Amino acid sequence: MAQRPGTRPYELPPAAPSTNHGKTKAAWTLIWLVILGALIVGLGMIFSLLWVVILGVVVIIAGLVAGKVLQGMGMGQPA
(Lines give C-alpha, C1' and ligand atoms only; values in the text may rest on other atoms or scores of the structure.)
Protein backbone atom coordinates (compact mmCIF):
# COMPACT_ATOMS: atom_id res chain seq x y z
CA MET A 1 0.00 0.00 0.00
CA ALA A 2 1.56 3.28 -1.06
CA GLN A 3 1.63 6.23 1.33
CA ARG A 4 0.50 9.64 0.37
CA PRO A 5 3.13 12.37 0.72
CA GLY A 6 2.93 14.23 4.02
CA THR A 7 1.14 11.53 6.03
CA ARG A 8 2.62 9.37 8.74
CA PRO A 9 1.09 6.11 9.95
CA TYR A 10 2.56 6.68 13.44
CA GLU A 11 2.94 9.39 16.07
CA LEU A 12 6.15 10.07 17.96
CA PRO A 13 6.06 10.88 21.70
CA PRO A 14 6.68 14.54 22.57
CA ALA A 15 9.84 13.60 24.52
CA ALA A 16 11.93 10.55 25.24
CA PRO A 17 10.73 8.65 28.33
CA SER A 18 12.83 8.55 31.46
CA THR A 19 15.54 5.90 31.36
CA ASN A 20 16.19 5.43 35.09
CA HIS A 21 13.81 2.41 35.25
CA GLY A 22 12.64 3.46 38.71
CA LYS A 23 16.16 3.45 40.17
CA THR A 24 15.71 6.69 42.07
CA LYS A 25 16.70 7.87 45.54
CA ALA A 26 13.06 7.72 46.62
CA ALA A 27 12.68 4.14 45.41
CA TRP A 28 15.92 2.90 46.95
CA THR A 29 15.12 4.55 50.29
CA LEU A 30 11.64 3.04 50.29
CA ILE A 31 12.80 -0.47 49.41
CA TRP A 32 15.69 -0.65 51.87
CA LEU A 33 13.64 0.66 54.80
CA VAL A 34 10.81 -1.76 54.03
CA ILE A 35 13.28 -4.67 53.77
CA LEU A 36 14.91 -3.64 57.07
CA GLY A 37 11.51 -3.35 58.74
CA ALA A 38 10.45 -6.78 57.46
CA LEU A 39 13.69 -8.26 58.80
CA ILE A 40 13.06 -6.68 62.20
CA VAL A 41 9.46 -7.96 62.21
CA GLY A 42 10.70 -11.44 61.36
CA LEU A 43 13.26 -11.41 64.17
CA GLY A 44 10.60 -10.19 66.59
CA MET A 45 8.37 -13.08 65.61
CA ILE A 46 11.18 -15.62 65.93
CA PHE A 47 12.09 -14.42 69.44
CA SER A 48 8.43 -13.72 70.43
CA LEU A 49 9.13 -10.09 71.31
CA LEU A 50 6.13 -7.89 70.58
CA TRP A 51 8.08 -4.65 70.97
CA VAL A 52 10.52 -5.75 68.24
CA VAL A 53 7.61 -6.55 65.90
CA ILE A 54 6.11 -3.12 66.57
CA LEU A 55 9.51 -1.51 65.96
CA GLY A 56 9.69 -3.28 62.59
CA VAL A 57 6.24 -2.04 61.63
CA VAL A 58 7.27 1.50 62.59
CA VAL A 59 10.37 1.21 60.37
CA ILE A 60 8.19 0.01 57.46
CA ILE A 61 5.79 2.93 57.90
CA ALA A 62 8.75 5.34 58.15
CA GLY A 63 10.07 3.90 54.87
CA LEU A 64 6.73 4.47 53.15
CA VAL A 65 6.57 8.05 54.41
CA ALA A 66 10.21 8.75 53.50
CA GLY A 67 9.71 7.39 49.97
CA LYS A 68 6.64 9.56 49.44
CA VAL A 69 8.39 12.66 50.83
CA LEU A 70 11.41 12.11 48.59
CA GLN A 71 9.11 11.62 45.60
CA GLY A 72 7.41 14.91 46.47
CA MET A 73 10.82 16.59 46.61
CA GLY A 74 11.50 15.54 43.02
CA MET A 75 13.81 12.60 43.72
CA GLY A 76 11.40 10.02 42.31
CA GLN A 77 10.30 8.85 38.90
CA PRO A 78 9.17 11.86 36.79
CA ALA A 79 5.57 11.76 35.67
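What percentage of the 79 residues of the protein counts as buried? The share is 18%. The structure is a predicted model, and it holds 2 helices and 0 strands. Among contacts between residues at least 6 apart in sequence, 60% join residues at least 24 apart.

**Helix α1**

- The 22 residues of α1 should span 32 Å at 1.5 Å a residue, and the end C-alpha atoms are 32 Å apart, so the two values agree.
- Buried residues in α1 are A26, G37, I40, V41 and G44.
- Because they cover an arc of only 100° around the axis, they lie on the same side of α1.
- An α-helix has 3.6 residues a turn, so residues three or four places apart point the same way.
- The buried residues of α1 pack against α2.
- W32, L39 and I46 are exposed on the other side of α1.

**Helix α2**

- Helix α2 runs over residues 50-75 and has 26 residues.
- From its first C-alpha to its last, α2 reaches 35 Å, which is close to the 38 Å expected at 1.5 Å a residue.
- The buried residues of α2 are V52, V53, G56, V59, G63, G67 and L70.
- The cover over these buried residues includes α1, residues 25-46.

**Between and before the helices**

- S48, just after α1, takes a positive phi of about 55°.
- L49 sits in the loop between α1 and α2.
- L49 counts as partly exposed because its relative accessibility is 34%, a value between the 20% limit for buried and the 50% limit for exposed.
- T24 belongs to the segment before α1.
- With a relative accessibility of 9%, T24 counts as buried, since buried means under 20%.
- Apart from neighbours within four places in sequence, T24 is in contact with M75, G76 and Q77.

**Surface**

- The protein exposes about 6,400 Å², and carbon and sulfur atoms supply 73% of that area.
- A nonpolar patch on the surface is formed by L36, L39, L43, I46, F47, L49, W51 and L55.
- Together, the residues of the patch have about 840 Å² of accessible area.
- Both α1 and α2 supply at least two residues of the patch, and α1 gives the most, with 4 residues.
- L39 and I46, which are among the patch residues, are also exposed on the side of α1 opposite its buried residues.
- L49, the loop residue, is part of the patch as well.

How values were computed: Residues numbered from 1 in each chain as written. Predicted model: local features only at pLDDT ≥ 70, side-chain atom pairs only at ≥ 80, totals over all residues. Heavy atoms only, no water. Expected span 1.5 Å × (residues − 1). Buried < 20%, exposed > 50% of the residue type's maximum accessible area, 1.4 Å probe, protein only. Contact = heavy atoms within 4.5 Å. Areas by Shrake-Rupley, 256 points an atom, 1.4 Å probe, with all protein chains shown as cover. Patch = residues over 30% accessible without salt bridge, like charges linked within 9 Å, V, L, I, M, F, W, Y side chains within 5 Å. Salt bridge = Lys/Arg side-chain N within 4 Å of Asp/Glu carboxyl O. Arc of directions from axis to C-beta.
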